[in-house]
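Student: Got a minute to go through this one with me? Let's see it first.

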Protein chains: 2
Amino acid sequence: MNKFLSHNGYFGKPIFNSLFYNDSFMNNRIKISQLLDKVTTGEEAAKLFKDKMIVGTSGFTKAGDSKVVLPALAERAKKEPLKITLISGASLGHDTDAKLTEAKVLHKRMPFQVDKTLRTAINKGEVLFTDQHLSETAELVHGGYIGDIDIAIIEVAAIEEDGSLIPTTSVGNSVSFAALAKQIILEVNISIPESIKGVHDIFLPENYPHRNYIPVIAPGVRVGRTTIPVDPEKIVAIVFTDIQDSPADIAVPDEKTIAISQHLTRFFEEEVKAGRLTDRLLPLQAGIGKVANAVLTGFKDSNFYDLTMYSEVLQDSTFELIDSGKLQFASASSITVSKECYQKVMDNLDTYREKILLRPQNLSNSPGIIRRLGVIAINTALEFDIYGNVNSTHVSGTHIMNGIGGSGDFARNSYLSVFVCQAASKSNRLSHVVPMVPHVDHNEHDVDILVTDQGYADLRGLAPRERAVTIIENCAHPDYKEALLDYFNRAGEVRGGQTPHILSEAFTWHIRYLETGSMKS
Amino acid sequence: MNKFLSHNGYFGKPIFNSLFYNDSFMNNRIKISQLLDKVTTGEEAAKLFKDKMIVGTSGFTKAGDSKVVLPALAERAKKEPLKITLISGASLGHDTDAKLTEAKVLHKRMPFQVDKTLRTAINKGEVLFTDQHLSETAELVHGGYIGDIDIAIIEVAAIEEDGSLIPTTSVGNSVSFAALAKQIILEVNISIPESIKGVHDIFLPENYPHRNYIPVIAPGVRVGRTTIPVDPEKIVAIVFTDIQDSPADIAVPDEKTIAISQHLTRFFEEEVKAGRLTDRLLPLQAGIGKVANAVLTGFKDSNFYDLTMYSEVLQDSTFELIDSGKLQFASASSITVSKECYQKVMDNLDTYREKILLRPQNLSNSPGIIRRLGVIAINTALEFDIYGNVNSTHVSGTHIMNGIGGSGDFARNSYLSVFVCQAASKSNRLSHVVPMVPHVDHNEHDVDILVTDQGYADLRGLAPRERAVTIIENCAHPDYKEALLDYFNRAGEVRGGQTPHILSEAFTWHIRYLETGSMKS
């Protein structure tokens, strides 16, 4: 067993054979000899961190994250307390955020998270969380808004002869971190075949903020190089691991999910009939989750063909659609799939390489590219109000769930902005269509289509008073329709206005739910 | 007097001499002879409209609007009632929206307005108003979301030999309307010198929604042609006018405006000191209004130089800065200036033509270009809350003032998003910093810097709890600081969360103001 190889057989067994149990894998993966003496253990690498440092890490929707150094840092901090600001691409896997939270390492975290332990700490005010549009983190970092990045941790498949990096299952903000960090720690993940080279499209708009255009005129048009350029002098440590990404939980679609998916498919079919879309639709973006996955899986048996994706994350459904011949090309910033799908993708990179590209998140979520390509954006709401304002982050208006992620980049700039949500939950004690949302992530200007298991509301071109009627009629759960309509009508009479509301009543439903466990009176 | 010339000497006297009082001006301005027989009166042109039509009109921030046909339509509707949906670039001048409202012509209006009479009708629910991001209207129209445009009304300086159109003081959505409308009515405005040709940069991304990139890599880079292409067969009527644009009201900056402007200038100076900006700053966008005007005017006596603008509208201050040599280039969709400035601009188009470009609003407000150029966006808020959510449209959360305009296009995609607002007004009975805004146009993710006459809050990279402390400390009026801090502290104790709020209290201040005329308890 090589002492420099961190692994834990996440999926039950180590995924490489005895051939690798010697130093040769190092020379295979580190093609620039001057860096060989940087190889060390996670424990040693973790000693490089100092209190108050700003750290950038790879990792986007649990893919391509730091699997050795950050956990080792959490271990170290148990004995030697220190605090850092941690900036990632998006969410991390392997409960790393939980470990860091428990070890009290996190002073501030950005731009996204999905971890239960971290979320609890954020909501208690113990960890500061800066919730950001995922396209903007690179802007803030390059603009010097957050301070200098002291250390970048980047998972790679290999280091090339010129010192440049082959990323793994995500790109995230790694290109910006590599360019800007004072020091770089690499995690070489030998569970990722080197044949992943060529899957990435690495483009860093030069000379921030004076930039040229990014010539992505279709999801499949490569605009950059295959590896991340880096100054080898900045690389201070290299660790090896064979730990795979945390697998995505693929939930079996339930009745409501299927209903939502069917309503949305019907909407698309009607758009095609009306001549506003063709059978090829337009590049699709789908947020993570069972609804998006169900909708995409539904396309397998549809009349749509030659589909494309311009999204943040490639999920199981993406590869199913590629395999079935329905999906022509998919661009994103990461691959986040189930264990089974992961193995299929890794085993068939030579085939998939022609069909997918992984890009920095400032490209996958670029406002200009999203507008240019006419992306159809499908994202999940926690709740929405009768005028179409969407809360996608804050439970009861105060407690963060995950974060806004890329939904704002896509919703505002897309051709069609769709939000999906169940009409009611918790035995219908909770309505997800409410008089007023207590936290607005996407306002009425950014929401075209709302879909619940009850139906869909087409809000395009509608004024707020028209939106209310359409939303209540098509999306609300029957138990709440009357009460919503009553609120809307009384608001129009009592106060009137472009967007009628009764401020003293606007949050009554939420308050009642907090007090009684039901929004029903 | 030529019967086909509509004029009213808006500024006291007709601005052309007797030389024009014969038909020769027609041949001068209509260079394609087949169209000469389309010349008619506004009254006749107004007869082309039918009930339920969708009408697109030129006009952006009161510039380059319809001055003959829409008022004639209002006159006609007094006797022969009809309703239309009216889509403009942005606001119209000459009380046209008021005339149309009084004549009950408007079923629906979009995407922006600033008219008192229309606003009142909207807030009563008598006219539907679809409030849109200004970059998106062309998207919706090209996408077929709103229905076919039956008639386009476009003010032009002249019609070229190939039938293409030279716009006047704005471009707005005219390029899209000309491309898509079934019929086109032109208003040839002979008060605009033909030397305006060359001021416009007409670019229509082809083949919606499958588009190429728009290669604007600096405000002054021309990417399109100088005239709007149009099928002459679609031109059904041409009217002539010499009525000038409604002049902008230039308010003398008051004490608070000057304070806001000074705080903002100080912020820019500190950014330069910190190395995040240079003395040339970055392309500026400034919303309409006295604060923006005061800030820009303030640059005249500053150390900043070689400035550029990438904005929606060129105001008096723009031309003052050009004249003083401080402003190198300005791009926008319209020129909206005082009477004095207007004359100066018209008399010196040969000079200004090298320094300005007017573009379609889907270019001036293009998300991709705004991000690419690193625009500094300065917009006005009605109020904002302790977490940095901005209400820029709805008084008391219900009654529309103007509309979101382009502020959303700029705020979300800019390099620096600044919102300005007075701290308190109405003898301090109204605080513009509140516990929670009852309408969100720009959420915390889209707001970097808040400026009031009390100071500025730099919110970049801050978590909500940090934002609250900074905002209250730096921006709130002293009369309200303690109460805001008290709310924030209690919300943290009572509920906690990423964004602490007490829902039952969140709108107490607004309710109290509605009931007692003061937010103070």
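Tutor: Sure, one term up front: buried area is the accessible area (1.4 Å probe) that two parts lose on being put together, summed over both. Also, this is a predicted model, where local features need pLDDT of at least 70, side-chain atom pairs count only at pLDDT 80 or more, and totals for chains, interfaces and linings use all residues. Residues are numbered from 1 along each chain as its sequence is written, chains are lettered from A and ligands numbered from 1 in the order written, and side-chain values use heavy atoms, leaving out hydrogens and water.

Student: OK, how much area do chain A and chain B bury between them?

Tutor: About 6800 Å², with 53% of it on carbon and sulfur atoms. On the chain A side, Tyr145(A), Arg371(A) and Arg412(A) lose the most area to chain B, together 12% of what that side buries.

Student: And how many salt bridges across the interface?

Tutor: The rule finds four between chain A and chain B, counting a side-chain nitrogen of Lys or Arg within 4 Å of a carboxyl oxygen of Asp or Glu. Glu466(A) and Lys108(B) meet in a salt bridge, at 2.7 Å from N to O.

Student: Switching topic: what's the strand order in the open sheet of three strands?

Tutor: S18-S17-S24 in chain A, with mixed pairing. Strands are DSSP runs (E, at least two residues), numbered from the N terminus, and two of them pair if DSSP finds at least two bridges between them. The edges are S18 (390-391) and S24 (433-434) of chain A.

Student: How do S17 and S18 of chain A run?

Tutor: Antiparallel, joined by two bridges. Glu383(A) stands opposite Asn391(A) in S18(A).

Notes. Helix = DSSP H or I, 4+ residues; strand = E, 2+ residues; numbered from the N terminus.
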